[in-house]
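Let's take a walk through this protein together, one stop at a time. Keep the sequence and the 3D view open side by side as you read.

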Amino acid sequence: MNPVAPRREAPRPILTYKQALAWLYGLQRFGIKLGLENIRRLLAELHIDPGNACAKVIHVAGTNGKGSVCAMIDSILRAQGYRTGLFISPHLVTFRERIRVNGEVISEDAVTRGLTAIRDLVTNWNPHPTFFEVTTALALKHFSEAKIDVAILETGLGGRLDAINAIQSGVAVITPIDFDHEKWLGQSLREIAVEKAGIIKPHVPVVSAAQRPEVEEVMRARAAECEAPIRFVITSYDDTPIALAGSFQKQNAALAIAALRAGKFEVGDSAIAHGLVTVE
């Protein structure tokens, strides 16, 4: 008697770009789930090593100015000739703005292929990956394929249990911390600071904007626990023009430059000037 061959499920159809985004946004029904188990499993299934996902990684957390600091770091590095990957949120016009390589937003085709592959992978997962976890995995998959030199990753919510924190960083950057997402991060500045300071990893340098006393205390304690060198940037950058409007951008620029110095990136004064005057 011939054995019965196992039934093979027919491959699911490749999504169109609009269908892929509709599937992704449909994941918002799973809400926000802080934790690293799902993203670590997802990266493993995609064969992305969290310790070597990108050549160098800069993490940016905080409450105010995260997007500007990320954009400045990215622009300066590109001006110096580095090939960069930038992951930010939210977007203004199109989802593709969240994921960029060398200043170019991810293509519709890359979004479609990446989300189709992830959809097929996680169909039966319980718990199911969230919108942000899938978007993070899509970004890291794109960066891995694009062979970037540096990834600049903006934390989505908090830091300690944010999906981005599954990746090993080379520099931790923390912008000014204020009351932010109290439902998930805590009702006091100290509790919120504990979550955001969670991006600090053992022996990884940290640069921070000036913080309120109770926030600074939390950050210094976390850095000491991790034996991570920490510097608080209290100066402003006034040497050359900055394309972004607002006097507070001078503090953001000083923080961005300090992050690059802490990470020992080779960036000259001309790259800094060009990067800041062309940043978007």
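Before we start, a word on naming: helices (H or I, at least four residues) and strands (E, at least two) are DSSP runs, numbered from the N terminus. One more thing to keep in mind is that this is a predicted model.

With that naming in hand, go to the loop between α9 (249-262) and α10 (269-278), where you'll find Lys264. Lys264 isn't a glycine, yet its phi is positive, at about 60°. Is Lys264 buried or exposed? The cut-off for exposed is over 50% relative accessible area, and Lys264 has 69%, so it counts as exposed.

Glu227 tells a similar kind of story. This residue sits in the loop between α8 (213-225) and β8 (230-233). Its phi is near 50°, again a positive value in a residue other than glycine. Glu227 has a relative accessibility of 56%, so it is exposed too.

While we're on loops, look for the cis peptide bonds. One joins Ser89 and Pro90, with omega at about -5°. Pro90 belongs to the loop between β2 (84-87) and β3 (99-101). Another cis bond runs from Asn126 to Pro127, and here omega is near 10°. You'll find Pro127 in the loop between α4 (108-122) and α5 (131-146).

Now move inside, to strand β1. It covers residues 56-61 and is mostly covered itself, with five of its six residues buried. Which strands does β1 pair with? One partner is β5 (residues 150-154), in the parallel sense and over five bridges. Another is β6 (residues 171-174), also parallel, this time over four bridges. His59 is a handy residue to click on here: its bridge partner in β5 is Leu153, while in β6 its partner is Ala172.

From there, carry on to helix α3 (residues 66-80). Does its length fit that of a regular helix or depart from it? At 1.5 Å a residue, its 15 residues should span 21 Å, and the end C-alpha atoms are 21 Å apart, so the two agree. The helix is also well tucked away: 11 of its 15 residues are buried, so α3 is largely enclosed by the rest of the structure. Buried here means under 20% relative accessible area, and the residues of α3 that pass include Lys66, Ser68, Asp74 and Ser75, along with Val69, Ile73 and Leu77. What do the buried residues of α3 pack against? They touch β1, β2, β5 and β6, plus the helices α9 and α10. Right after α3 comes Gly81, with a positive phi near 105°.

Last stop: empty space. Rolling a probe the size of a water molecule over the atoms shows where such space is left. How many cavities of 30 Å³ or more turn up here? The count comes to one, and the largest cavity holds about 50 Å³ of space. Its lining is made up of Ala110, Arg113, Gly114, Leu138, Lys141, His142 and Glu145. Both α4 and α5 supply at least two residues of that lining, with α5 giving the most, at four. Sorted by class, the lining has two nonpolar, two polar and three charged residues.

Terms used
Residues numbered from 1 in each chain as written. Predicted model: local features only at pLDDT ≥ 70, side-chain atom pairs only at ≥ 80, totals over all residues. Heavy atoms only, no water. Buried < 20%, exposed > 50% of the residue type's maximum accessible area, 1.4 Å probe, protein only. Pairing = 2+ DSSP bridges. Expected span 1.5 Å × (residues − 1). Contact = heavy atoms within 4.5 Å. 1 Å grid on protein atoms, 1.4 Å probe; cavity = no way out; pocket = protein on both sides within 12 Å on 5 of 7 lines; lining within 4 Å. Points joined across faces, edges and corners; volume = space filled by probe spheres on them. Nonpolar A, V, L, I, M, F, W, Y, C, P; charged D, E, K, R; others polar.
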